[in-house]
Amino acid sequence: MSEIEWRNTLDFGGNLITVRGARGIGFDEQAEITAGDAATRLGQTLATSDTEVVVQVFEGTRGLTRESAAVRFLGRVPDMVVSEALLGRVFDGLGRPRDGGPPILGHRREPLRGVPINPVAREYPREFIQTGISSIDLLNSLVRGQKLPIFTGSGLPHQRLLSQILRQARLLEASAPFAVIFVAMGISHTDARFFHDAFRDEGVMERVSMFLNLADDPTMACLAAPRAGLTAAEHLAFEQDYHVLVILTDMTNYATALREIATARDEVPARKGYPGYLYSDLAEIYERAGRVQGRGGSITLIPVVTLPNGDITHPVPDLTGYITEGQLVLSRDLHSRGVVPPVDVLPSLSRLMKDGIGPTHTRDDHANLANQLYAAYAEGRRIRDLATVVGEADLAGVDKLYLKFADAFEERFIAQGSSEERSVLQSLELGWSLLELLPVDELSRVTEEQISTYGRRPRQEQEHDG
Amino acid sequence: MTQIDPLERGIVLRVAGPLITARLPGAVMGSQAAVGRDGIVGEIIRLDDEVATFQMYETTELVRPGDPVTSSGQLLSVELGPGLLGQVFDGIQRPLKAIREETGVRIRRGMLLPALGRERQWPFVPGLDVGTRISGGEILGTIQETELLEHRVLVPPDLDGELIDIVPPGDYTVDSVVARVRRNGTVHPLHLFHRWPVRLERPSGERYLPHVPLITGQRVLDMLFPLAKGGAAAVPGPFGAGKTIVQHQVARWCDAQVIVFVGCGERGNEMVDLLEQFEALTDPHTSRPLLERSVLIANTSNMPVTAREASIYTGITVSEYFRDQGYHVALIVDSTSRWAEALREVAGRLEELPAEEGYPAYLGSQLAAFYERAGHVRTLGGDDGSVTAIGSVSPPGGDFSEPVTRHSESVVGTFWALSKPLADARHYPAIDWEDSFSGYAERISEWWEEEFREHWSAARASMLRLLQESSHESQLLEHWSALPRGALGLLREADELKRIASIIGPAALSDRQRWTYFVAGLVKEGFLQQNALDPVDTFCSPEKQMLLGALIIGAYHRGQQLIARGVPCAALLKLSSLRRLKSARTAVPNDRPDLLERLREDLDQQLTEAADAHASVHADQ
């Protein structure tokens, strides 16, 4: 650490301090800014040359004066102390305690930005996580080490869905210690409180670590928050063998903060004013999820993305979708019809599902049944659209059955009480029972054998009924 | 990646993100440099008197003004020789497996390991005699690198002269001197490998017009929108449209001898998935893992963005090297959009004026120059070799009017446009027949007829028998391309019918139109759709493709004839053999064309019976 304090040669502008005359300072080096008795602020160098250094201050420069402010460079990049003691605590976006507790002690410091995982050292994620929610478990299965965002809209109950996942998620295979890292970016105190109370009420707070950058906290620190959370997660997962579930809410706020700061720096914008490196920046966060060879733990990542105006082609959900391994999409239409959680399974997808289900993980009919339910529901939705034009009365007989199926599917399969936990076997049974609404000839995605094994009524009996 | 022997030394002046400026007298534009105490790697992209600007391929954290800089004056190059196959490199050819051994699961910067391991001994068999006059690109000798591929050690393309020395057969490391060449009185040592600058196209002899199809075993690609060896294809698609699966399927099944796969700014788990597949899947002829014919370049989205920019050039240079050995190479880049974004990021930091959506004005020309390096050539050594380039495009919001998609579309010969609506309907591969095109279909037609004369005539005969030798229709079958043309025509007509039906109701369609609509559905479900996870359907042999296509198109024409004679469409739709036709893609293995022939016979018979039944009802009345 350098003992030199730079003062009197400082220029201020927005979040930036230019330190004239400073030399030999590293790029990305962490800085401490003090001003009289005020709390110490943190910064990092954005550009360094042999004549001046530009420092970006996380808390902003408001209130600083040329006379009182002093900058000290710490000789290391922004980092934090990592240890198991992070669990059970609440931090700010930079990893400093905000729960009034003592600082985390330890000698192990890790950079917030992280170090990329060597792709050949990754372990492909394969273990099924049971969330107890049918629309996820059966149709968009989550696996350990996956990154699966929730695409939502303002006013949709993604919080309820998240807290249900947090409460119910479990592995079907042998269990290992689990931990939750909750990162809040630009959300309200009320929303943060909702989760805090939920963790406390469940009695799991000692396994949770919260990193909060709320709506009225400094914008710059919002960029650090997910990185601090993931630095903690990496330590727990890859050094302490925890299975870590990381919640990042809300990535749209994060991207807005990134845009605000890029604009302040006069950077060339790409789409909708977001900087051209938004993709790389998001990837730097999302790609920290996963599993690595030879380590017991894993990082499963669920970012929340609020679609601005419900637009899935907006840069934030769009670029997120290109990086993550699928998405769960919440629908305003389903919600307004009282279907909760309003998971619209048609645009939802889990890219890692194919390897996480089947005889060794769930059951042999899982993939085919999922396909069949998806196809039948898609057909039902198509017919529902058609019915709004031609009228339900004019529909063909089988079309009416599909319509009935779609309604039942939403009411009985998608909709689920917030404390209703369905095992994957229960969800499979439920799926099969819904298929009974359709003539057996329509079931082209499941095999005859599966129909006779898992479908409750054999073909002849059903034809007899029909 | 080449290690640096310093020629010039200087000091860092300024650091801002991945760009570093340094005072470096005598610097060479485009050359490699090492910066700071860690010796992180970069390339000179701007020279201003004595001040050089570098784009760094690793993070520049804690690099300080005053830190040392060294440069070799050598252009950013790759090592080409035995040991490439089965490896995974980063964007500047650093060996990721070896780095994993050295630094654990994370990539620490400043790791400069040679791309080709220096310890391993290779069984070299010399192929030229002392005293021979040799020229660049000639085959100096061979090494059985893997069971799948013989490595042909090449004389560097820019060297010729008299061979004054060559070692006897035996085991040598890549950096052993295995021969010496005298040119104009200077003696040049030759090793088992040589270096080549990635941004410079490797020279070749005559360039042919691409005329041999790259068989992928994917029906919609091979039959409807074929790609030729030495051609270029772009695969644009929004997220979730199945781009990754299409590219992986091509990488797994195509009939190139060498696969170079560049994961350019994409997901880390996808590279692992591909690596595991290549290790697990075997070549049908030799039962050896596909990895033995593959080179993977992985610069995932979280790795430095500048090395991502370089990765596609590393990929195509390695591809050209195998082409020069006389092999057919498929280069797959996933995704060119991430490359373009890296270009944009660097341009932005250099404060260049942006053209469209922040991209630099030279985006189009650089993309064109890249795809131009694909080609089917006569090699300098006199063999036949090709590089087929397939680049995916990730258009923001799925909007094909964005710059990368548009520029790609204008330079490639084949365009596999992926459609979100098709993917949402679980129609995979979601290749849109409206937006996709192939400029190679005509030229490769001849190859199909030559190579598969027997099967082609079987397919024709099959169709003709279904058509009962109707003279008008049989003319359509003179060329292979009649099949894809027929299928495409059918699909487009069906789309039109669907639009009509959605307005005036399906009841308004005539029997003839209904039959067209029905068979188009058969084409979609029984031919175009292909299940990558189904053990039979994942790969469809060219023979099966032809026979299946001929059966469906034949059935279509025959049905039209019958309907024209008054047979009701409803009578045809009941035929059980049509249902069997729909599931033949998964039910009939590639090595059982006889089952398709049997299906043809049944179909023929059922159609005849339907016609007879109609005739007798008619006669009764």
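The turns below ask why certain labels apply to this predicted model.

User: What makes residues of chain A and chain B count as a contact, and how many does each chain give?
Analyst: Two residues are in contact if their C-beta atoms, placed from the backbone, lie within 7 Å. By that test, 51 residues come from chain A and 51 residues from chain B.

User: Which elements give two or more residues to the side of chain A that touches chain B?
Analyst: They are strand 5 (41-49), helix 6 (278-286), helix 7 (315-323), strand 22 (343-350) and helix 10 (366-390) of chain A. The largest share, five residues, comes from helix 7 of chain A. By class, this side has 28 nonpolar, 11 polar and 12 charged residues.

User: Why are strand 5 of chain A and strand 1 of chain B called paired?
Analyst: Pairing needs at least two bridges between two strands. Two bridges join strand 5 of chain A to strand 1 (residues 8-16) of chain B, so the pair qualifies. The two strands run antiparallel. In strand 1 of chain B, R14(B) is the bridge partner of S49(A).

User: What makes strand 12 and strand 14 of chain B edge strands?
Analyst: Each pairs on one side only. They belong to an open sheet of four strands in chain B with the order 12-11-9-14 and antiparallel pairing. Strand 12 covers 149-154 and strand 14 covers 170-172. Neighbouring strands of this sheet are turned by 40° against each other on average, direction ignored.

User: How do you know that strand 11 and strand 12 of chain B pair?
Analyst: The requirement is at least two bridges. Strand 11 (residues 139-146) of chain B and strand 12 of chain B have six bridges, in the antiparallel sense, and therefore count as paired. I143(B) stands opposite H151(B) in strand 12 of chain B.

User: Why are helix 10 and helix 12 of chain A called oblique to each other?
Analyst: Their axes cross at roughly 45°. Angles under 35 degrees count as roughly parallel, over 145 as roughly antiparallel and 65 to 115 as roughly perpendicular, with the rest oblique. The crossing angle of helix 10 and helix 12 (residues 424-435) of chain A falls in that rest, so the two helices are oblique. Their axes come within 10 Å, and the crossing is left-handed.

User: Which residues meet where helix 10 and helix 12 of chain A touch?
Analyst: H366(A), L369(A), Q372(A) and L373(A) in helix 10 meet L428(A), G431(A), W432(A) and L435(A) in helix 12. By class, this contact has five nonpolar, three polar and no charged residues.

User: What are the domains of chain A, and how do you know that domain 1 touches domain 2?
Analyst: The domain assignment gives domain 1 (5-77), domain 2 (80-355) and domain 3 (366-465). Nine residues of domain 1 are in contact with nine residues of domain 2. The side of domain 1 that touches domain 2 has four nonpolar, four polar and one charged residues. The C-alpha centres of domain 1 and domain 2 lie 31 Å apart.

User: Where are the cis peptide bonds that join T249(A) to D250(A) and D334(B) to S335(B)?
Analyst: Omega is about 15° for the bond between T249(A) and D250(A). D250(A) is found in the loop between strand 18 (243-249) and helix 5 (251-264) of chain A. For D334(B) and S335(B), omega is also about 15°. S335(B) lies in the loop between strand 22 (328-334) and helix 6 (336-349) of chain B.

Technical notes: Residues are numbered from 1 along each chain as its sequence is written. Chains are lettered from A and ligands numbered from 1 in the order in which they are written. This is a predicted model: local features need pLDDT of at least 70, side-chain atom pairs count only at pLDDT 80 or more; totals for chains, interfaces and linings use all residues. Ala, Val, Leu, Ile, Met, Phe, Trp, Tyr, Cys and Pro count as nonpolar, Asp, Glu, Lys and Arg as charged, and the others, Gly among them, as polar. Axes are lines fitted to C-alpha atoms, for helices over the stretch in contact, and angles run from 0 to 180 degrees between N-to-C directions. A crossing is left-handed if the near helix is turned anticlockwise from the far one by less than a right angle, and right-handed if clockwise. Domain bounds come from an automatic or database domain assignment.
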